[in-house]
Amino acid sequence: MRRRLLTLIPALCLLGSCQYLKDRSADFLDQYRLSIGAGSVLGVKSKALGLVDTGLMMGVKPHAAALGWRYGQAMFFHEADMRIDADQAEIIKTTGLVDMDYAKASYWSGWNSAAILPALLSWVDASPVDYAWQVPEDGDEYADRHWIWSPEAMATNRYAQVHVFDVETQVGLVVYLDVGYSPGELIDFLAGLVTLDLAGDDGRW
């Protein structure tokens, strides 16, 4: 009996820790996307469970002109936020960039998906997080993209893998509305209950 109590003590301490509760709350909120804003956007775009990723959406969505929540990222009409999201969708493929920052000449994530089974036929940017897009002086070329489930992508593209099965709809005509739900973030939340961090995002709060 005493041994059982001793083994339970670390688990209870972990469950009661402030950081654990913060991470689980963040993981729960990460499942949802609901935001409105203004930008140079035009069109309708949708994706569902890795089976459809198509439509026609062109333009950029400045964070400074957005309000809401996008999978762990708060949007709140902050004029000093220089980042933007960029969307371009065609009947054959969809491309996207997340958190482009013109002031710092960097971006956070990018991907390219074929319209047929995008969960399987997706390629993600192999560049590191906060990749600056200027070419170095030594002439090194830009990093290439990797197939989303390749070994090269596993360590650096968990975000794209977790979100490949999202269900989303975006509608825009200067003013836009984004609505979405992420089953992958639900799995990350459930795994987080036993301290498994599938998305690699624990400890950010």
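How many bridges join strand 1 to strand 2? Seven, and the two strands run antiparallel. Before I go on, please keep in mind that this is a predicted model.

Let me stay with strand 1, residues 32-48, and its partners. Strand 2 covers residues 52-62. Within that pairing, Leu 42 has Met 58 as its bridge partner. Strands 1 and 2 form a hairpin with three residues between them, and Leu 49 there takes a positive phi near 55°.

Strand 1 is also joined to strand 12, residues 167-181, by 14 bridges, again in an antiparallel arrangement. One example is Arg 33, whose bridge partner in strand 12 is Gly 180. Then there is strand 3, residues 66-70, which runs antiparallel to strand 1 and is joined to it by five bridges. Here Ser 35 stands opposite Gly 68.

Now the charged side chains. The count of salt bridges comes to seven, and I will go through some of them.

Back to Arg 33, which forms a salt bridge with Glu 168, with the closest N and O atoms 3.4 Å apart. Arg 33 is in strand 1 and Glu 168 is in strand 12, so this pair ties together parts that lie 135 residues apart in sequence. Both Arg 33 and Glu 168 are buried.

Next is Arg 70 with Asp 85, where the closest N and O atoms are 2.2 Å apart. Arg 70 belongs to strand 3 and Asp 85 to strand 5, residues 83-89, so the salt bridge ties together parts 15 residues apart in sequence. Arg 70 and Asp 85 are both buried.

The third pair is Arg 83 and Asp 99, whose side chains meet in a salt bridge at 3.3 Å, N to O. Arg 83 is in strand 5 and Asp 99 is in strand 6, residues 93-101, and the two are 16 residues apart. Are these two buried or partly exposed? Arg 83 has 27% relative accessibility, so it counts as partly exposed. Asp 99 has a relative accessible area of 10% and is therefore buried.

Some salt bridges share partners, and in this way Arg 33, Lys 61, Glu 168 and Asp 178 are joined into one network.

On to the nonpolar side. In soluble globular proteins, nonpolar side chains tend to be buried together. Which residues make up the largest nonpolar core here? There are eight: Val 98, Trp 111, Ala 119, Val 124, Ile 148, Ala 153, Ala 160 and Val 164. A second, separate core has five residues, including Val 41, Ala 66, Met 75 and Tyr 176.

Take Ile 148 from the largest core. Setting aside residues up to four places away in sequence, Ile 148 touches Ala 119, Ser 122, Trp 123, Val 124, Ala 153, Ala 160, Gln 161 and Val 164.

Last, one residue in a helix. Asp 188 sits in helix 5, residues 183-192. Its relative accessibility is 0%, so Asp 188 counts as buried. What is Asp 188 in contact with, leaving aside neighbours within four places in sequence? The contacts are Asp 27, Leu 196, Asp 197, Leu 198, Ala 199 and Asp 201.

To recap, strand 1 is joined to strand 12 by 14 bridges, to strand 2 by seven and to strand 3 by five. Arg 33 in strand 1 also has its salt bridge to Glu 168 in strand 12.

Technical notes: Residues are numbered from 1 along each chain as its sequence is written. This is a predicted model: local features need pLDDT of at least 70, side-chain atom pairs count only at pLDDT 80 or more; totals for chains, interfaces and linings use all residues. Side-chain values use heavy atoms; hydrogens and water are left out. A nonpolar core is a set of buried Ala, Val, Leu, Ile, Met, Phe, Trp, Tyr and Cys residues joined through side-chain atoms within 4.5 Å. Buried means under 20% relative accessible area, exposed over 50%, partly exposed in between (1.4 Å probe, protein chains only). Contact means heavy atoms within 4.5 Å. Two strands pair if DSSP finds at least two bridges between them. Helices (H or I, at least four residues) and strands (E, at least two) are DSSP runs, numbered from the N terminus. A salt bridge is a side-chain nitrogen of Lys or Arg within 4 Å of a carboxyl oxygen of Asp or Glu.
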